[in-house]
Amino acid sequence: SLLDVVINSNLDLDGFGACEGTLTCSTCHLICSQETYDSLPNKPSEEELDMLDLAYELTDTSRLGCQII
Ligand code: FES
C-alpha cells in the first residue's frame, strides 16, 4: 500500500498511518486529483468509505493511503 511506501522510505509525515493500516484512524487521508483518483488500481471498499466519512475535509477524490495498492 501507499502506507508501506511511506514507512519503507522513512518519510517523516507526522501522525500519518497511526493505526498501521487497520482502518481505524483516517490519519492516512489523501486528497487526490481527479486524474489520479481515476487511475488508481483499486476502488474504495465499504470499510474505507465508512472511515473516510470521519476524515477531515473529505472530498469526492479522497482516499486512505493504507488502502491504495
Ligand atoms: Fe489508519 Fe489508514 S492508517 S486508516
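**A colleague's note, starting from a buried glutamate**

1. Let's begin with Glu48: its relative accessibility is 1%, so this residue counts as buried. Keep in mind as you look that this is a predicted model. Glu48 belongs to helix 3. What does the side chain of Glu48 find as a polar partner? One of its polar atoms sits 2.9 Å from the backbone nitrogen of Leu64. Once residues up to four places away in sequence are set aside, Glu48 touches Leu23, Arg63, Leu64 and Gln67.

2. Now step back to the whole chain. There are 3 helices and 2 strands, and reading along the sequence gives the order α-β-α-α-β. The radius of gyration is 11 Å, close to the 11 Å that the globule rule gives for 69 residues, so the chain is as compact as a globular protein of that length. If you want a feel for the dimensions, the C-alpha trace spans about 30 × 25 × 20 Å along its principal axes.

3. A few totals help with orientation. Buried residues make up 36% of the 69 in the chain. The accessible surface is about 4,500 Å², and carbon and sulfur atoms account for 51% of that. As for how the chain meets itself, take the contacts between residues at least 6 apart in sequence: 63% of them join residues at least 24 apart.

4. Which residues form the largest nonpolar core? It has 9 residues in all: Leu3, Val6, Phe16, Cys28, Met51, Leu52, Ala55, Leu64 and Cys66. Helix 1 (2-8) supplies at least two residues of this core, and so does helix 3 (46-52). To see one core member at work, pick Leu3: leaving out residues up to four places away in sequence, Leu3 touches Phe16, Gly17, Glu20, Gly21, Gly65 and Cys66. Leu64 is worth a second look, as this core residue is also the one whose backbone nitrogen lies 2.9 Å from a side-chain polar atom of Glu48.

5. His29 deserves some time on screen. You'll find His29 in strand 1 (residues 29-31). Is His29 buried or exposed? It has a relative accessible area of 19%, and anything under 20% is called buried, so His29 falls on the buried side. The side chain of His29 makes a polar contact of 2.7 Å with the side chain of Ser62. A polar atom of the His29 side chain also lies 3.2 Å from the backbone oxygen of Tyr56.

6. His29 has plenty of other company. Apart from neighbours within four places in sequence, it is in contact with Leu52, Ala55, Tyr56, Glu57, Leu58, Ser62, Arg63 and Leu64. Take Leu58 from that list: 29 residues along the chain lie between its position and that of His29, yet the two C-alpha atoms are separated by 8.5 Å. Two of the residues touching His29, Leu52 and Leu64, are also members of the largest nonpolar core.

7. What about the cysteines? The search of the whole structure turned up 0 disulfides. For Cys32 the reason is plain distance: the closest cysteine sulfur is that of Cys28, 11 Å away, whereas a disulfide needs the two sulfurs within 2.5 Å, so the pair is too far apart for a bond. Both residues are buried, Cys28 with a relative accessible area of 3% and Cys32 with 12%.

8. Finally, check two backbone angles in the loop between helix 1 and strand 1. Asn10 is in that loop, and its phi is near 55°, a positive value in a residue other than glycine. Asn10 is exposed, at 68% relative accessible area. Leu23 is placed in the loop between helix 1 and strand 1 as well, and has a positive phi of about 60° although it is not a glycine. Leu23 brings us back to the start, being one of the residues that Glu48 touches.

How values were computed:
Residues are numbered from 1 along each chain as its sequence is written. This is a predicted model: local features need pLDDT of at least 70, side-chain atom pairs count only at pLDDT 80 or more; totals for chains, interfaces and linings use all residues. Side-chain values use heavy atoms; hydrogens and water are left out. Helices (H or I, at least four residues) and strands (E, at least two) are DSSP runs, numbered from the N terminus. The radius of gyration is taken over C-alpha atoms; the globule rule is 2.2 Å times the number of residues to the power 0.38. Buried means under 20% relative accessible area, exposed over 50%, partly exposed in between (1.4 Å probe, protein chains only). Contact means heavy atoms within 4.5 Å. Accessible areas come from the Shrake-Rupley method with a 1.4 Å probe; for residues, only the protein chains shown count as cover. A nonpolar core is a set of buried Ala, Val, Leu, Ile, Met, Phe, Trp, Tyr and Cys residues joined through side-chain atoms within 4.5 Å. A polar contact is a pair of N or O atoms within 3.5 Å; within protein, one must be able to donate a hydrogen and the other to accept it, and residues adjacent in sequence count only if both atoms are side-chain atoms.
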